[in-house]
Amino acid sequence: MTRSVVFLEPKGTILEVVRAAKRRGFHVAALRSDPALLDGAPEPYASAVPLIDEIIPIQGWDAESAVLAACEAVHARAPITGLYAGMDPCASILARLRRRFSLPAPDPEAIALVLNKFALRRRLVELGLSRLKNAHSSEAEGWTSWPFRGAAYFKPVHGFFSAYVSRCENLADFRAARDRWRTGNGTDPAWLKDYLHSLNEYHLEEAFDGELLSVEAIASGGRYEPLGLLSRILYSRDPVVEMGSCFPYPHPLSGKIIDLARRAHAALGLHDGPTHTEMIVSPAGEVEIIDLNPRFVGADVLQSINNAFGVRVEEALLDYAIGKPARVAPEDRRFSCLQYFLPPRVPVLETVDFPEVPEVKFRATFIKPGTPISSNDRQIDYLGCYLTVMPEFEAALSRSRELRAAVMINGSEPGVF
């Protein structure tokens, strides 16, 4: 009997997991709220879209009864043996669906707490895993003076893609950030806008300055398995905007960093599934968890891991989806530097030229020729990326920087880094 794997809002590298499911002979169903995520998928991911056997439209990820009914209908045709999602808006419903179909998953309440960034910070402090102070919007609305000793970050409580995150030094900065969040941006895609305002609250979190990085991991049956650390490349004009990363990152404090992530996962009940834990390491060697996402790392980091380790991490993610232990056994040890670029100030995208050298193992353009450019300074405005793979970490980073000059938009305009 043919069995199904159901994907919730497949986007980008999630489509590589779709490809893996078809290789194993599963019937693939996709529930999607935004048609543009599949219709506009860039290569190489677009070639996996025709592999989806059925695409089922839904209104949104808060409509639990409709999502469950859609899954029950799939289950009646081809029994569901796996469920997967890689987007924060789907994380809560994924946990409930996996429980419904007898697949291992954290408690939905644990996922809901992690997704609520105000509650997550308070819980980490209660557990002794953080020392950062934060304040909820219900408190901040009444401020007449700045309550923090230094800077703080304005963040939506349901945050995603660093959207509307702003560093605030004073009350005026905070009010400007709040007003930007309330007004929104007309170019925001529906799936982002809906999630940001699915909990119409914000918080301010004490700034912790240092180096931003993350721990990528997959937990199985309570066993936390780190894949490695991921460094960051930040936008030259706004360090809130991430412009790339290198994997694996041989940080001198990797043991301390991973230990904090492991303890947080155990305390928060994140015993199954992929996670992406963002951290900052201060110049004094102090470590703080800045965010924790109950999903696999986004962007195109799957390509970084695969090229660095000589593996197909999508196979491990499919194992998790169908309830098997997820293990990644590196067959190689190289270093991948993933560099994104933003569009210059051009009215319309015509062409993108990439560096043509053997050390670039992957490249992608995220919008189609002929598309008007209306916004160019946020993570969701990425125009494209390229991946440089080298035998040493510093060599991958250095070569990637050198190759920026070869990225040209519309024949003559350099990409923005």
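A residue counts as buried when its relative accessible area is under 20%. The exercises below apply this cut-off and others to the structure above, which is a predicted model.

**Exercise 1. Determine how far strand S6 is enclosed, and identify the bridge partners of Phe 154.**

*Solution.*

Step 1. Strand S6 covers residues 152–156, and four of these five residues are buried. The strand is therefore largely enclosed by the rest of the structure.

Step 2. Consider the pairing with S7. S6 and S7 are joined by three bridges in the antiparallel sense. Within S7, Phe 154 has Ser 166 as its bridge partner.

Step 3. Consider the pairing with strand S8, residues 202–206. Here five bridges link S6 and S8, again in the antiparallel sense. Within S8, the bridge partner of Phe 154 is Leu 204.

**Exercise 2. Describe the environment of helix H4, and then that of Ala 91.**

*Solution.*

Step 1. Seven of the ten residues of H4 are buried, so the helix is largely enclosed by the rest of the structure. The buried residues are Ala 91, Ser 92, Ile 93, Leu 94, Ala 95, Leu 97 and Arg 98.

Step 2. Identify the packing partners. The buried residues of H4 pack against strand S1 (4–8), strand S4 (80–85), helix H3 (64–77), helix H5 (108–115) and helix H12 (313–321).

Step 3. Turn to a single residue. Ala 91 lies in H4, and its relative accessibility is 6%. Because the cut-off for burial is under 20%, Ala 91 counts as buried.

Step 4. List the contacts of Ala 91. With residues up to four places away in sequence left out, Ala 91 touches Ile 111, Leu 115 and Pro 294. Ala 91 and Pro 294 are 203 residues apart in sequence, yet their C-alpha atoms are 6.8 Å apart in space.

Step 5. Look just past the helix. Ser 102, just after H4, takes a positive phi of about 60°.

**Exercise 3. Characterise the largest cavity by its volume and lining.**

*Solution.*

Step 1. A search of the whole structure for cavities of 30 Å³ or more finds one. The volume of the largest cavity is about 190 Å³.

Step 2. Examine the lining. It consists of 20 residues, and those nearest the centre of the cavity are Leu 94, Ile 111, Asp 272, Pro 294 and Tyr 320.

Step 3. Assign lining residues to secondary structure. Helix H4 (91–100) and strand S13 (273–281) each supply at least two residues. H4 gives the most, with four residues.

Step 4. Sort the lining of the largest cavity by class. There are 14 nonpolar, three polar and three charged residues.

**Exercise 4. Characterise the second largest pocket in the same manner.**

*Solution.*

Step 1. The second largest pocket has a volume of about 420 Å³. Its lining comprises 20 residues, of which Tyr 164, Val 165, Asp 238, Asp 377 and Arg 378 are the closest to its centre.

Step 2. Strand S7 (166–168) and strand S12 (238–247) each contribute at least two residues to the lining of this pocket. S12 provides the largest share, three residues.

Step 3. By class, the lining of the second largest pocket divides into eight nonpolar, six polar and six charged residues.

**Exercise 5. State whether Glu 16 is buried or exposed, and list its contacts.**

*Solution.*

Step 1. Glu 16 belongs to helix H1, residues 14–23.

Step 2. The relative accessibility of Glu 16 is 8%. Because the cut-off for burial is under 20%, Glu 16 counts as buried.

Step 3. The side chain of Glu 16 makes a polar contact of 3.0 Å with the side chain of Arg 19.

Step 4. Beyond four places in sequence, Glu 16 touches Pro 44, Tyr 45, Leu 302, Gln 303 and Glu 314.

**Exercise 6. Identify the edge strands of the sheet S16-S19-S20.**

*Solution.*

Step 1. Three strands form this open sheet, in the order S16-S19-S20, with antiparallel pairing.

Step 2. Strand S16 (352–353) and strand S20 (413–414) each have a single partner strand, so one side of each is left without a neighbour in the sheet. These two strands stand at the edges.

Step 3. Strand S19, residues 408–409, is joined to S20 by two bridges, and the two run antiparallel. Ile 409 stands opposite Glu 413 in S20.

How values were computed. Residues numbered from 1 in each chain as written. Predicted model: local features only at pLDDT ≥ 70, side-chain atom pairs only at ≥ 80, totals over all residues. Heavy atoms only, no water. Buried < 20%, exposed > 50% of the residue type's maximum accessible area, 1.4 Å probe, protein only. Polar contact = N/O pair within 3.5 Å; in protein donor to acceptor, adjacent residues only side chain to side chain. Contact = heavy atoms within 4.5 Å. Pairing = 2+ DSSP bridges. 1 Å grid on protein atoms, 1.4 Å probe; cavity = no way out; pocket = protein on both sides within 12 Å on 5 of 7 lines; lining within 4 Å. Points joined across faces, edges and corners; volume = space filled by probe spheres on them. Nonpolar A, V, L, I, M, F, W, Y, C, P; charged D, E, K, R; others polar.
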